[in-house]
Amino acid sequence: MSMSDERDARIGKVILDMQNISLRFGGVKALTDISFNVKEHEIRAIIGPNGAGKSSMLNVINGVYVPQDGGIEFDGKQFGRMTSRRAAEMGVARTFQNLALFKGMSVLDNIMTGRNLRMKSGLLSQAFRIFGAEKEEIAHREFVENIIDFLEIQAYRKTPVGRLPYGLQKRVDLGRALAMEPRMLLLDEPMAGMNIEEKQDMSRFILDVNDEFGTTIVLIEHDMGVVMDISDRVVVLDYGKKIGDGTPSEVRSNEDVIRAYLGVEH
Ligand SMILES: Nc1ncnc2c1ncn2[C@@H]1O[C@H](COP(=O)(O)OP(=O)(O)OP(=O)(O)O)[C@@H](O)[C@H]1O
């Protein structure tokens with residue numbers, strides 16, 4: 001079996017179904033009647049020129065924006081509206097284009113913040129805290145140390161994040177999201193502002209997360225090139241409308257997509 005056959009065999013049922021989503025800000029139509037799905041274990045990219053609606057779509061998926069029309073089905077459950085709390089409970093985590101890290105805190109402590117939701121959840125874990133707070137803390141630390149090893153940032157464990165080069169800060173942000181043990185990871189322009197080597201490293205980590213943890217990944221990006229190599233399927237937005245949807249090679253030969261990208265400076 002080739003690498004891509006192996007990947008195809010792992011991809012499962014539809015886990016996220018976005019149905020006829022429309023979102024307006026006053027008179028601005030950010031998204032118009034957009035439908036697409038994401039399958040389990042898939043790497044799904046949403047691409048498009050500036051202002052196409054990519055960030056808006058990501059914010060609809062994780063419940064930050066509520067669309068005026070449309071529905072969302074996650075893991076077989078239908079939601080008229082998603083809330084950020086519900087998205088988090090369903091196992092959706094995200095990274096941010098403008099990093100949401102505590103610059104003065106160490107790499108280790110920043111990634112620990114990703115464990116907070118887990119530590120606070122449930123009565124059982126509260127009981128656990130009364131009887132074995134230390135044990136729980138140790139278990140979380142171990143989990144975080146494993147992420148640090150996985151992302152190859154051991155050398156910077158104690159370094160304040162603000163002192164690291166941008167590419168490494170993006171990796172720490174990925175680590176923080178991974179600490180939530182997400183079922184679905186939303187990556188907001190994970191390669192923006194990176195040099196070629198940093199982009200290659202980030203691509204490899206995204207593929208490794210997907211392979212080793214089976215995490216479903218939805219990423220947005222406006223640079224078409226970098227995502228084509230790592231994505232299973234790609235949705236293309238332009239002016240809030242869906243103009244293409246398919247494998248990277250299908251999307252690359254789509255006339256509307258070529259026109260949208262040729263017509264706009266990047
Ligand atoms: N909170 C908001 N209030 C008003 N208009 C908004 C808001 N968020 C987005 N928009 C508008 O919606 C449209 C889509 O924007 P969005 O940020 O989703 O695009 P994008 O594809 O992510 O762009 P970029 O690649 O530049 O980040 C744009 O016209 C934008 O100005």
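**Close-up views of a predicted model**

**View 1. Six strands, in the order β6-β7-β8-β3-β9-β10, make an open sheet with mixed pairing.** Strands here are DSSP runs of E with at least two residues, helices are H or I runs of at least four, and both are numbered from the N terminus. Two strands count as paired if DSSP finds at least two bridges between them. At the edges sit β6 (92–94) and β10 (241–246), each pairing on one side only. From one strand to the next, the twist averages 15 degrees. This is a predicted model, where local features need pLDDT of at least 70 and side-chain atom pairs count only at pLDDT 80 or more, while totals for chains, interfaces and linings use all residues. Residue numbers start from 1 along each chain as its sequence is written.

**View 2. Strands β3 (residues 43–47) and β9 (residues 233–238) run parallel, joined by four bridges.** Look for Arg44, which stands opposite Arg233 in β9.

**View 3. Helix α11 (residues 255–262) lies across β9 and β10.** It runs at about 125 degrees to β10. Angles go from 0 to 180 degrees between N-to-C directions, with axes fitted to C-alpha atoms, for helices over the stretch in contact; contact means C-beta atoms, placed from the backbone, within 7 Å.

**View 4. Here are the residues around the ligand, including Phe25, Asn50, Lys54 and His222.** Each has its C-beta atom, placed from the backbone, within 6 Å of the ligand. Both β2 (28–39) and α2 (54–61) give two or more residues to this shell, and α2 gives the most, with three.

Note on methods. Contact = placed C-beta atoms within 7 Å.
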